[in-house]
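Trainee: Could we go through this structure together? I should like to begin with how the chains are divided.

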Amino acid sequence: MIQIDHLSFAYGGRRPAVFSDFALTLESGGIYGLLGKNGTGKSTLLYLIAGLLRPGRGSVRFLGQETRSRRPELLEELYLLPEEFTLPPVSLRRYAALNAPFYPRFSAGLFAQCLRDFDLAPTDNLAELSMGQRKKAIVSFALATNTRLLLMDEPTNGLDIPSKSQFRRVVARSMTEGRTLVVSTHQVHDVEALIDRVVMLDGGRLLLDRSVADICARLCFEERPAGSPVDDALYVQPTVHGNAVVRRNDDGRDTPLDLELLFGALLERPDLWEQATDKR
Amino acid sequence: MKCFHLRRFGLVLRLDLLSGWKRNLRYVASLYAGCLAIEFANFYGPSRNGLSEHYLRLGERACPGQPDAALAAAERGLLADNAPAFVAFLGFVLTLAASAAFENLRTKGGRTAYLTLPATNTEKYLSRLLWATVGAVIAFWIAFVAADVTRMALFPILGHGYGSTVPYVFHELTHFFSPDGYLNFHMPDATEYLLGVAFLAELLLLFHAVYLLCGTLLRRHPYLLTTLGLIALGALTVVLIDLYAQRLERIPAFDPITLLAVIDGVLFAAIVACYALSYRSFCRIQVVRHKWRRR
């Protein structure tokens, strides 16, 4: 669905490259978690996919076409929910009436349902809503567009704790077969339960691109009390109660994915995945 | 790929107009205030103190021995003489609107929303251009008529209720180009007259194109910076002409028609270049960087 080949990109000639000969393929369907430290190029990658930035070299293709062309037939199949957004001072109903005709599969029913889930009314004026409510409003619109690709940049920023669980519920319900959602975030706990596939970036390079099922089949994430042996661990992170451990899943145990721990482990040991998949 | 789809263009036009309707209303209100200020500045004195000797004398000369007709002629003279102030204001409004045509792209959020809108670059560009030109002219006339009506309703209290200025502004705008207008008076030859009309029209379009181009390129204070740039360019031209006056005298004189034709050609090329650059710049805008001044 998205094919990125030999991508090089820098903000201005003198600045260091954000991406250099970067390659990534995103298949259709499922929720991708795009993770990485601040400044590693998560938002830049989303902008490149949406055609909002032009690659210096290489190509970014969506449905077989270069996204930099910003053709309407591509744009009506993708929606980018940016971290910084501007909304006009109109009611939610009018906002939808003005923007929905650009998206052929826009679902008014889903939009109304999402607004209800987020405790918003169609008559609410966007100028009078709080930052969090505005975010919920634009998330509702983004989901209702029913585009094949939905890009979300830090979607849970500005949401309070109950709203974050509301967000997860609404997103999970709105996902249909063949629809792809790419969520870029550094707040990994907010999306941990949602994502099907993890894409981790560090310094403009791809650290990991694996499905959650694959990761959990090969790695175990455990919390061990202080003093317990950690000889079998690939990575150890001290915690309040002892140690958080990442180890090979040799015994086929099913442990929940701990993205924060995995991220820390991969940053410290970039060869961790190779070690986990090595046949002894 | 179709570059232009009429229905989609209509949707973009509607989005551009209605998503900022409150702001658009504020613009019309500002234009109304501007027109009203000009009305007060020009007509308050004559309404309060009566027409000056100058106008009364002109009226008397136009209609000798007919006091009522002479007064009406004097009032018409006052209205006609003040029409250029409104024409100048219209010019200011049009260049300001051209400068602000792409103000929706000044924030990162605005750029993201507009650039990812499922429409072609041509449709988006034309929509903004249309509102910045035709929209600005419509807004000006609405505001102007409203201010004129306000003045006509209020000023009888002060003593005089002059007629509408609107027809005199129309006259002022069209008379210059009309076959019996000022231009034709100075250019009796038909070819020279047509080239002269083309020159003036191109000069106006060039100003519009330059302000539009700078509005696309500059993110902050585009109107102020463009105006300062044009003033600097004008001053530089005067200085250069002054410096090289003697060399210029050595250039063999063209006949006026050839000279006008050459100038028209140069202006036309400059207009096309400005609009083309503005469009190209719009098509290549990125969400971050590209602009000369980042935000």
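Mentor: Domain bounds here come from an automatic or database domain assignment. For chain B that assignment gives domain 1 (9-175) and domain 2 (188-295). The model is predicted, so local features need pLDDT of at least 70 and side-chain atom pairs count only at pLDDT 80 or more, while totals for chains, interfaces and linings use all residues. Residues are numbered from 1 along each chain as its sequence is written, chains are lettered from A and ligands numbered from 1 in the order in which they are written, and side-chain values use heavy atoms, with hydrogens and water left out.

Trainee: What is the secondary structure of chain B?

Mentor: Chain B has 12 helices and zero strands; helices (H or I, at least four residues) and strands (E, at least two) are DSSP runs, numbered from the N terminus. The C-alpha trace of chain B spans about 70 × 60 × 35 Å along its principal axes.

Trainee: How many residues are in contact between the two domains of chain B?

Mentor: Domain 1 of chain B contributes 22 residues and domain 2 of chain B contributes 19, where contact means heavy atoms within 4.5 Å. The centres of these two domains, taken over C-alpha atoms, are separated by 25 Å.

Trainee: And what area do they bury?

Mentor: About 2,000 Å² is buried between domain 1 and domain 2 of chain B, with 67% of it on carbon and sulfur atoms. Buried area is the accessible area (1.4 Å probe) that two parts lose on being put together, summed over both. In domain 1 of chain B, the residues that lose the most area to domain 2 are R106(B), R111(B) and Y125(B), together 31% of what that side buries.

Trainee: How many salt bridges are there across that interface?

Mentor: The rule finds zero salt bridges between domain 1 and domain 2 of chain B, a salt bridge being a side-chain nitrogen of Lys or Arg within 4 Å of a carboxyl oxygen of Asp or Glu.

Trainee: Turning to chain A, where are its domains?

Mentor: In chain A, domain 1 covers 29-46 + 67-203 and domain 2 covers 212-277. Their C-alpha centres lie 31 Å apart.

Trainee: What area is buried between those two?

Mentor: Domain 1 and domain 2 of chain A bury about 930 Å² between them, and carbon and sulfur atoms give 76% of that area. E192(A), V198(A) and M200(A) supply 47% of the area that domain 1 of chain A buries against domain 2, more than any other three residues. The count of salt bridges between these domains is zero.

Trainee: Now the two chains together. What is the area buried between chain A and chain B?

Mentor: Chain A and chain B bury about 2,800 Å² between them, of which carbon and sulfur atoms give 60%. R70(A), L98(A) and F102(A) supply 24% of the area that chain A buries against chain B, more than any other three residues. The contact takes 32 residues from chain A and 34 residues from chain B.

Trainee: Which residue forms a salt bridge with E84(A)?

Mentor: K108(B) does, and the closest N and O atoms of the pair are 4.0 Å apart. One salt bridge is found across the interface of chain A and chain B.

Trainee: Which elements supply the chain A side?

Mentor: β1 (2-10), α1 (42-50), α2 (72-75) and α3 (92-99) of chain A each give two or more residues to the side that touches chain B. The largest share, four residues, comes from α3(A).
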